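Open the model in your viewer and keep the selection tool ready. We will go stop by stop.

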Amino acid sequence: MNLFQKNEFKETPFLPVSPEEVPPRPPSFPKKPSPKICGSNYPLSIVFIVVNEFCERFSYYGMKAVLTLYFLYFLHWSEDTSTSVYHAFSSLCYFTPILGAAIADSWLGKFKTIIYLSLVYVLGHVIKSMGALPILGGQMLHTVLSMVGLSLIALGTGGIKPCVAAFGGDQFEEKHAEERTRYFSVFYLSINAGSLISTFVTPMLRGDVQCFGKDCYALAFGVPGLLMVIALVVFAMGSKIYRKPPPEGNIVTQVVKCIWFAISNRFKNRSADIPKREHWLDWAAEKYPRQLIMDVKALTRVLFLYIPLPMFWALLDQQGSRWTLQATRMNGNLGFFVLQPDQMQVLNPFLVLIFIPLFDLVIYRLVSKCGINFTSLRKMAVGMILACLAFAVAATVEIKINEMAPPQPDSQEIFLQVLNLADNEVEVTVLGDENNSLLAESIKSFQKMPHYSRLHLKTKSQNFHFQLKYHNLSVYTEHSVEEKKWYTLIIREDGKSISSMMVKDEENKTTNGMTAMRFVNTLHEEINISLGTDSSLGVEEDYGVSAYRSVQRGEYPAVPCRTKNEDFSLNLGLLDFGAAYLFVITNSTSQGPQAWKMEYIPANKMSIAWQLPQYALVTAGEVMFSVTGLEFSYSQAPSSMKSVLQAAWLLTVAVGNIIVLIVAQFSSLVQWAEFILFSCLLLVVCLIFSIMGHYYVPIKPEDIQGSADKQIPKIQGNMINLETKKTKL
């Protein structure tokens, strides 16, 4: 789980948690102390903030859990496009915090920023839910509403991201630093609880509830939207008891201006007569205070180490895209519970809750007792290696899935199976253009064919001639086929003779880990079949063939059916993950109409539990990389640069998602090869990062303050002749 994504609690180190890091508070706080919780030193106001964060994280991750499948199966985008848009949205969510921090620091303050951007957030959810209503317009309108809704959600969630945790820290008095530290732990738990519950619940709302005969994406998006409304209401309820510091200026802007001035000033003064300066940032001394320049120097040392970090996030954030798509081709039956493909994401927040105390209290202490100097940078490098191993495991799982899947027809090929619904054996011969035999089979009545037969074509489309021998009759027929398609030749009785019809089957792929089915009606009356959805499936009389219908995996012992003259039920048995079935409705027994079942696309054989090792590895890598990385980088930066560092950290997440977007669109690799590519890229980045870390010399924060007066050269002598002499000092 991305620690600034599903575990926003890791944002908290940006906030002051010790007396040494507490910035001076403006004198505009109310003099009257805020109410406390049950006589403790905890302000009552943090209750509203914690509940707000729980609801907001439920809203965000609940919506995001089903987003990839929404793109794939509701908007009917390709897997690559779905993955690209998913990561583009994730990237936007980590660019907008810069805007939110700028608005809060320079203009509105944290409280008003949270309120206003939460309204934008709610509006985004409303528009997104409307875009998931099948009855509202066509695909173009759904796409436009979805993109507008996601843009507003990205602005809302990203804009309030740097404000909520910091606003909670503002509620504590300086003498209650210990209580403030514990508050951040509770804040973290609320984030993980919201993520854990929503990632488990919203896939159930999508799959277990049917809307207009399909998965209920509108409900899966609407419930998170309702939680965001609750988050906004709860946060606004505490308005009168909040401590609300006014805007103090945007330090991010100051840092950018300082760096830009130093670079431009250096290029303006390239003369050999001008003395050189010890550090390139010293060229900002004509305009900016010495302490700010020293703080920026310390910041740039840490930012240099941030350069390799986006590749780690590129791997980590694929849990909600590529790994979810992988789960759709696996069997979610665990025996005691049946998992939906998008519910596997719940493993990440669950394992984070386990791994953080496990690493802190057990693993790190054991390593220390072994005499190993396990520094912060080494922990981060090990975290990268674990993520590499996770994607190697994911590639292995993908290869096994492909091995178990039936083969696909290539160019100038078709797959053909024959279904004999006559009352006796039929000999089938497929003849080519030169009357040569391409296929000869003797098929018994209602015989279940073990597999499709592969037939080669001379062109992309071709006519095949069929010779059918039934009793003493020989029937010749002709059917047209197209390459890369699946066909079923249905043989039926036609008086004392037989006839045939060619039916195009679904491609060898079912959607969303569900099961697909179609019906052949041999009765002389039209049948309406109710599959538990809002609309019934109609099958015409006299060997009518229905359209495909996707349903959830499960037992279907009594499916209601109706004709003009009677009502009856059909026992369809178990419909398993990813399988495709053909049911032939007959009335050949005294028990009434029955359903003869044939599985022509086998169910997913590989258990979804095989994804557990890759989730465990990537989560362990995340705990070692992200938590440790934040602790290290904050210890190396001055307290005045915390907000800048937060913005830089979020930008690494955004860039990581952009990397996935680029690879998904332009790599053209099969999935297992793409997993290997990401694993190798991160391994190379890990080696580069290890070399950078080897030459990095850690410093203490107090050293930054103490050296400010020693390293900035004083402006003397001919410095008055610099191009920047008109700048006001």
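The tour below visits a predicted model, moving from its cores to a helix pair, some loops and the cysteines.

**Stop 1: the cores**

Select Phe 71 and Phe 89. Both sit in the largest nonpolar core, which has 133 residues. These two touch the most other members of that core. Next, colour helix H12, residues 376-404. This helix gives the core its largest share, 13 residues.

Return to Phe 89 and show its surroundings. Leaving out residues up to four places away in sequence, Phe 89 touches Tyr 60, Met 63 and Leu 67. Leu 150, Ile 153 and Ala 154 are touched by Phe 89 too.

Now pick Ala 422, Leu 455, Tyr 470 and Tyr 487. They are among the 23 residues of a second, separate core. As background, nonpolar side chains tend to be buried together in soluble globular proteins.

**Stop 2: a helix pair**

Keep H12 on screen and add helix H15, residues 671-694. How do the two run relative to each other, roughly parallel or roughly antiparallel? Their axes come within 8 Å and cross at roughly 170°. An angle over 145 degrees counts as roughly antiparallel, so H12 and H15 are roughly antiparallel. Show the residues of their contact: 20 are nonpolar, five are polar and one is charged.

**Stop 3: Pro 409**

Move to the loop between H12 and strand E3 (413-420), and select Pro 409 there. Is Pro 409 buried or exposed? Its relative accessibility is 9%. Buried means under 20%, so Pro 409 counts as buried.

Which residues does Pro 409 contact, beyond its neighbours within four places in sequence? They are Ile 414, Phe 415, Arg 454, Lys 484, Lys 485 and Trp 486. Then draw a distance from Pro 409 to Leu 455. The two are 46 residues apart along the chain, and their C-alpha atoms are separated by 9.0 Å.

**Stop 4: two positive phi angles**

Select Lys 484, one of the contacts of Pro 409. Lys 484 lies in the loop between strand E8 (473-482) and strand E9 (485-494). Its phi is positive, about 60°, although Lys 484 is not a glycine. With a relative accessible area of 43%, Lys 484 is partly exposed.

Go on to Phe 446, in the loop between strand E5 (437-443) and strand E6 (453-456). Phe 446 is not a glycine either, and its phi is positive, near 55°. Phe 446 counts as partly exposed, at 25% relative accessibility.

**Stop 5: cysteines**

Finish with Cys 163 and Cys 561. Cys 163 is buried at 2% relative accessibility, and Cys 561 is buried at 5%. How many disulfides are there? The count is zero.

How values were computed: Residues are numbered from 1 along each chain as its sequence is written. This is a predicted model: local features need pLDDT of at least 70, side-chain atom pairs count only at pLDDT 80 or more; totals for chains, interfaces and linings use all residues. Side-chain values use heavy atoms; hydrogens and water are left out. A disulfide is a pair of cysteine sulfur atoms within 2.5 Å. Buried means under 20% relative accessible area, exposed over 50%, partly exposed in between (1.4 Å probe, protein chains only). A nonpolar core is a set of buried Ala, Val, Leu, Ile, Met, Phe, Trp, Tyr and Cys residues joined through side-chain atoms within 4.5 Å. Helices (H or I, at least four residues) and strands (E, at least two) are DSSP runs, numbered from the N terminus. Contact means heavy atoms within 4.5 Å. Axes are lines fitted to C-alpha atoms, for helices over the stretch in contact, and angles run from 0 to 180 degrees between N-to-C directions. Angles under 35 degrees count as roughly parallel, over 145 as roughly antiparallel, 65 to 115 as roughly perpendicular and the rest as oblique. Ala, Val, Leu, Ile, Met, Phe, Trp, Tyr, Cys and Pro count as nonpolar, Asp, Glu, Lys and Arg as charged, and the others, Gly among them, as polar.
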